[in-house]
Amino acid sequence: MKIGGGMYRNITPVKKQNMIGSHGTKNFYFHVDNPTYLLKPEYKECSLNSPEILVILGLRSNPMAITSLLAIDEVIKNLDKTTIDNLKKPIYTVRTPDSFDKKHEIKNIPILYSYGTEYFTRFDYHNVSSCKEEGIKALSNFIDAISMSKKIEICIDKGTMIIFKNQKILHARNEFTTNYDGYDRWLLRAYAMMSVKSLCHKQIILDER
Ligand SMILES: [Fe+2]
């Protein structure tokens with residue numbers, strides 16, 4: 001999948017105070033990528049659909065930078081039915097992450113979808129909110145459930161590639177020391193879809209730096 005004119009995006013710390021995902025020295029809490037785009041159960045042809053697969057390749061490691069992966073199914077185990085039902089209601093606002101050039105937000109959408117026996121989410125700790133009481137409570141419960149859930153933690157070493165389902169696996173990265181000297185942690189990230197029908201004009205253009 002093509003992103004902003006290239007097949008991959010370089011991920012390395014940049015000195016911008018408000019860009020949590022790119023800063024390195026701040027915790028980048030649990031999220032899925034491209035939360036403002038359509039999730040798989042919502043997909044339309046020639047629309048901006050959220051990537052199904054996320055691929056990350058380590059080019060230069062930092063042993064202090066730990067990536068955490070958490071399956072939405074694990075979070076669901078720690079949620080009550082009322083919270084799950086409230087997360088499925090269209091009562092949330094999601095903003096584009098800091099790394100996007102063109103900022104926008106979408107309102108009145110759900111955070112959680114169930115499709116058959118599968119769950120999909122657009123949760124992004126830094127960019128999701130609700131002005132409804134039941135939405136605020138459900139988000140708080142969701143964050144509590146994340147803290148209780150079983151996670152996989154990995155340091156992405158040079159040459160290590162991880163591949164996971166974006167809308168079903170939340171990811172996070174802890175803070176780490178950066179020097180901005182050309183030798184900081186360096187990753188390549190790419191997205192993939194299971195079907196070309198899900199791509200907008202056979203590619204996806206994300207408004208990212
Ligand atoms: Fe991410």
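Start with the whole chain in view: of the contacts in the protein with a separation of 6 or more, 80% are between residues 24 or more positions apart. A contact here means two C-beta atoms, placed from the backbone, within 7 Å. This is a predicted model, where local features need pLDDT of at least 70, side-chain atom pairs count only at pLDDT 80 or more, and totals for chains, interfaces and linings use all residues. Residues are numbered from 1 along each chain as its sequence is written.

**Stop 1: the overall layout**

Switch to cartoon and you should find four helices and 13 strands. Both are DSSP runs numbered from the N terminus: H or I over at least four residues for helices, E over at least two for strands. Now colour by burial: buried residues make up 31% of the 209 residues. A residue is buried if 20 or more other C-beta atoms lie within 10 Å of its own, exposed if 12 or fewer, and partly exposed in between, with C-beta atoms placed from the backbone.

**Stop 2: the open sheet**

Select strands 2, 12, 4 and 10, which form an open sheet in that order with antiparallel pairing. Strand 2 and strand 10 (152-154) are the edges, each pairing on one side only. From one strand to the next, the twist averages 15°, taken between N-to-C axes that are lines fitted to C-alpha atoms, on a scale from 0 to 180 degrees. Strands count as paired if DSSP finds at least two bridges between them.

Zoom in on strand 4 (residues 67-71) and strand 12 (residues 169-173), an antiparallel pair with five bridges. Thr-67 stands opposite Arg-173, and Ala-71 faces Ile-169. Then move across to strand 2, which pairs with strand 12 over two bridges, again antiparallel. Label His-31 here and its bridge partner in strand 12, His-171.

**Stop 3: helix 4**

Next, pick helix 4, whose 16 residues reach 23 Å from first C-alpha to last, close to the 22 Å expected at 1.5 Å a residue; that expectation is 1.5 Å times one less than the number of residues. Show the side chains of its buried residues: Gly-135, Ala-138, Leu-139, Phe-142 and Ile-146. They lie on the same side of helix 4 because they cover an arc of only 100° around the axis, judged by the directions from the helix axis to the C-beta atoms. Their packing partners are strand 2, strand 4, helix 2, helix 3 (81-87), strand 5 and strand 9 (128-129). Rotate to the face turned away from the buried side for the exposed Glu-133, Ser-140, Ser-147 and Met-148.

**Stop 4: the largest nonpolar core**

Which residues have the most contacts inside the largest nonpolar core? Select Tyr-92, Ile-111, Phe-123, Val-128 and Phe-142, from a core of 22 residues. Such a core is a set of buried Ala, Val, Leu, Ile, Met, Phe, Trp, Tyr and Cys residues joined through C-beta atoms within 7 Å. Helix 4 gives the most to this core, with four residues. Centre on Phe-123: leaving aside residues up to four places away in sequence, it touches Phe-30, His-31, Val-32, Ile-111, Val-128, Phe-142 and Leu-170.

**Stop 5: two asparagines**

Most residues other than glycine have a negative phi. Asn-34, though not a glycine, has a positive phi of about 55°. Find Asn-34 in the loop between strand 2 (28-31) and strand 3 (53-60); it counts as buried because it has 24 C-beta neighbours inside 10 Å. Finish at Asn-108, where phi is also positive, at about 60°. Asn-108 lies in strand 6 (residues 105-109) and is exposed, with 9 other C-beta atoms within 10 Å.
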